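Please take a moment to look at the model shown here before reading on. The paragraphs after it are meant to be read with the structure open beside them.

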Amino acid sequence: MHLTRLALTDFRSYASVDVTLAPGVTIFSGPNGEGKTNLVEAVGYVATLASHRVSQDAPLIRQGAEQAIIRAGLTDTTRDNLVEIEVNPRRANRVRLNRVPLPRPREVLGILRTVLFAPEDLALVKGDPGERRRFMDDLLVAMAPRYAGVRADYDRVLKQRTALLKSAGPKAVRPGRSSREAVMATLDVWDAHLARLGAELLVAREHLIDAIRPHVEDAYLQVAGGGGGSPAAISYRRSFGSPGEPAAGPPSPGEFAADKEAADKDRSGHGERVRAAEAGLRAALAEVRESELDRGVCLAGPHRDELELSIRGLPARGYASHGESWSMALALRLASFELLRAGREDPVLILDDVFAELDTGRRDRLARLVAGAEQVLVTAAVPQDVPQVLAGARFTVSGGGLSNAG
Ligand SMILES: Nc1ncnc2c1ncn2[C@@H]1O[C@H](COP(=O)(O)OP(=O)(O)OP(=O)(O)O)[C@@H](O)[C@H]1O
Ligand SMILES: [Mg+2]
């Protein structure tokens, strides 16, 4: 798939901009702070309904404006789509697909699929576990949009259950015996919800990691260079159960299998794994309840799980060099691209200011790896940083507008 048009109104630094895009490579260059990242951030927003830079929407709205509007035209082999998003600071966003309002914004997920590389990606390797969970969940939703609902439901249940734990804990006003019993009964109900949704989410993540593993190993070798086996490894670790305990059954890419036959065969296995994980999570919640009440936090579930990354057997976080961390971050994004395109249309690739961060070897290898994608959007402050193989349309970004640079 590729974007044919991007139009912004009051988004970030842009009062109004409207650009026509073609398949192949497009390079946006210009001095720092002129609005290059703002453009690709808008594209990413259409794909994920979130910014890759900020967790709140307020900074996306141009200072002094009431709302921001993003319009994106895109095309794939089956049809053309027009997505229009109204970003509102104080009330729900509104989304229209081909001029028809969607009942819920998240129904637009999956219409545009992107893989965005950005300087912030280093946090995937060096940052908190939450960064890696977000990476998994975003990719999961791009692969299978129905998980946006599972994720939202899980977050809601987690919030409610945590509030209940706080209200029943030792810091709360001392509850009488009967009210304590009532709280425990209510907690049982929330445990059941949390276990059901949590199991669905975490088993999906496990399938995802099984499916992406070979791509990550391969991409790491290709980016970092060198021969032999890949030094990069990736694995999912649950927050409960014995450490390193594999999920029931042999690893399988489940519903993310490239060929349909394997996917069908795996479906029944998938159901079993979810049920086993649900039982495991319920048991774990019962076990930790006392300490949960003491601390007022929910101690088991996918919100505490970890995506473990390692290079030559050592955890990447805390051990890997700066260059190795970058190679790992790039490998995760490249692997996402390979996974998303397998048996389907290419997602749109976005490279925000990444070449400046890399040495020439990594720069050239990365450029060669992405050059064949259907559409690649590149931003760079210094156009010379972009390797020659990524030749294409050029725009200069300055003064809140774009000009065609050939
Ligand atoms: N909500 C907003 N309203 C007005 N201006 C904004 C808003 N948000 C960001 N900006 C401005 O946009 C500019 C940043 O744009 P952007 O991050 O796209 O720059 P860039 O071209 O990618 O720069 P660099 O090369 O440094 O990465 C800043 O000058 C910032 O003040
Ligand atoms: Mg930038």
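What follows goes from the ligand to the nonpolar cores and then to a few single residues.

This is a predicted model, in which local features need pLDDT of at least 70 and side-chain atom pairs count only at pLDDT 80 or more, while totals for chains, interfaces and linings use all residues. Residues are numbered from 1 along each chain as its sequence is written, chains are lettered from A and ligands numbered from 1 in the order in which they are written, and side-chain values use heavy atoms, with hydrogens and water left out.

We can begin with ligand 1, which has 16 residues around it, and of these Gly33, Lys36, Thr37, Asn38 and Ile61 come nearest (a residue is near a molecule if one of its heavy atoms lies within 4 Å of it). By class, this shell holds three nonpolar, seven polar and six charged residues, where Ala, Val, Leu, Ile, Met, Phe, Trp, Tyr, Cys and Pro count as nonpolar, Asp, Glu, Lys and Arg as charged, and the others, Gly among them, as polar. In the side chain of Asn32, an N or O atom is 2.9 Å from an oxygen atom of ligand 1, and a polar side-chain atom of Thr37 lies 2.7 Å from an oxygen atom of the ligand. Asn38 takes part through its backbone, with an N or O atom 2.7 Å from an oxygen atom of ligand 1. On its own, ligand 1 has 650 Å² of accessible area, and the protein covers 68% of it (areas come from the Shrake-Rupley method with a 1.4 Å probe; for residues, only the protein chains shown count as cover).

Turning to the interior, the largest nonpolar core has 87 residues, of which Phe117, Ile212, Leu351, Phe355, Leu366, Val378 and Leu390 touch the most other members. Such a core is a set of buried Ala, Val, Leu, Ile, Met, Phe, Trp, Tyr and Cys residues joined through side-chain atoms within 4.5 Å, and buried means under 20% relative accessible area, exposed over 50%, and partly exposed in between, with a 1.4 Å probe and protein chains only. Helix α5 (residues 177-224) gives the most to this core, with 20 residues; helices (H or I, at least four residues) and strands (E, at least two) are DSSP runs, numbered from the N terminus. Apart from this core lies another, of 39 residues, among them Ala42, Ile70, Val83 and Leu102.

Why does Leu8, in strand β1 (residues 2-11), count as buried or exposed? Leu8 counts as buried because its relative accessible area is 0%. Leaving aside neighbours within four places in sequence, Leu8 is in contact (heavy atoms within 4.5 Å) with residues including Tyr14, Val17, Leu39, Ala42 and Ile70. Thr114, placed in strand β8 (residues 114-117), is also buried, because its relative accessible area is 14%.

Finally, we can look at the backbone. Most residues other than glycine have a negative phi. Asn98, in the loop between β6 (94-97) and β7 (100-101), nevertheless has a positive phi of about 50 degrees, and at 25% relative accessibility Asn98 counts as partly exposed. Asp353, in the loop between β12 (348-352) and α9 (360-370), likewise has a positive phi, near 55 degrees.

Note on methods
A polar contact is a pair of N or O atoms within 3.5 Å; within protein, one must be able to donate a hydrogen and the other to accept it, and residues adjacent in sequence count only if both atoms are side-chain atoms.
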